[in-house]
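Q: Could you take a close look at the inside of this one for me? I'd like to hear how the nonpolar packing is put together, and then what the pockets look like.

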Amino acid sequence: MTIAVGDKLPDVKLKKAGENGPEDVQTGDYFKGKRVALFSVPGAFTPTCSAKHLPGYVEKAGELKAKGVDEIVCTAVNDAFVMGAWNRADGSSDVTMLADGNGEFANALGLPLDLTGGGLGHRGQRFSLLVNDGVVEQVNVEAAGEFKVSSAEHLLEQL
């Protein structure tokens, strides 16, 4: 079942690149008490993700925060090292990268993506969520091959 408005985020462990290596992040604790613009991409450093998705959130970070977003979080089924490198290469301190290395978060949200036919393995779908104190306020899941409703611009319109 896919996550829906009004649902509580599933409580799973993600990883964040820290100064001394990957750090555990428990979603139940991490999303508590704040309003978060959460977006997910099929993979770090992939074409649409690097050319449009992440740059849109970097560019619109100030506007999102001005409309009541406390934090912007990006997830992908990649490891914390890759997510940290992607943030250093294309991101900013305004976007927190949380690695879903085993796809447990994507699966728990009901948003897995099978890209094994193209040699990319099991990933997560492209989507955005607005989460307030761990509860989902908006859900935007892209149709296959699309990049519209999960963009920073679309999420801004929903605020």
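A: In this predicted model, the largest nonpolar core counts 23 residues. Phe39, Ile72, Cys74, Met83 and Trp86 are the ones with the most contacts inside that core. Quite a few elements chip in: strand 3 (35–41), strand 4 (71–76) and strand 5 (95–99) each supply at least two of the core residues, and so do helix 2 (47–59), helix 3 (61–66), helix 4 (80–90) and helix 6 (152–158).

Let's zoom in on Trp86. Setting aside neighbours within four places in sequence, Trp86 is in contact with Val41, Ala44, Phe45, Cys49, Ser50, Leu54, Cys74, Gly91 and Met97. There's also a second, separate core of 18 residues, with Val12, Tyr30, Leu38 and Leu98 among them.

Now the pockets. The largest one holds about 290 Å³ of space, and 15 residues line it. Nearest its centre you'll find Pro42, Leu113, Arg126, Ala144 and Gly145. By class, that lining splits into six nonpolar, five polar and four charged residues.

The second largest pocket comes in at about 150 Å³. Its lining has 13 residues, and Lys13, Lys15, Ala99, Gly101 and Asn102 sit nearest the centre. Five of the lining residues are nonpolar, three polar and five charged. Strand 1 (13–18) and helix 4 each give this lining at least two residues, with strand 1 providing the largest share, three residues. So helix 4 turns up twice: it supplies at least two residues of the largest core and at least two of the second pocket's lining.

Terms used
Residues are numbered from 1 along each chain as its sequence is written. This is a predicted model: local features need pLDDT of at least 70, side-chain atom pairs count only at pLDDT 80 or more; totals for chains, interfaces and linings use all residues. Side-chain values use heavy atoms; hydrogens and water are left out. A nonpolar core is a set of buried Ala, Val, Leu, Ile, Met, Phe, Trp, Tyr and Cys residues joined through side-chain atoms within 4.5 Å. Buried means under 20% relative accessible area, exposed over 50%, partly exposed in between (1.4 Å probe, protein chains only). Helices (H or I, at least four residues) and strands (E, at least two) are DSSP runs, numbered from the N terminus. Contact means heavy atoms within 4.5 Å. On a 1 Å grid over the protein atoms alone, a cavity is a set of points where a 1.4 Å probe fits but cannot get out, and a pocket is an open set with protein on both sides within 12 Å along at least five of seven lines; lining residues have an atom within 4 Å of a point. Grid points are joined across faces, edges and corners, and a volume is the space filled by probe spheres set on the points. Ala, Val, Leu, Ile, Met, Phe, Trp, Tyr, Cys and Pro count as nonpolar, Asp, Glu, Lys and Arg as charged, and the others, Gly among them, as polar.
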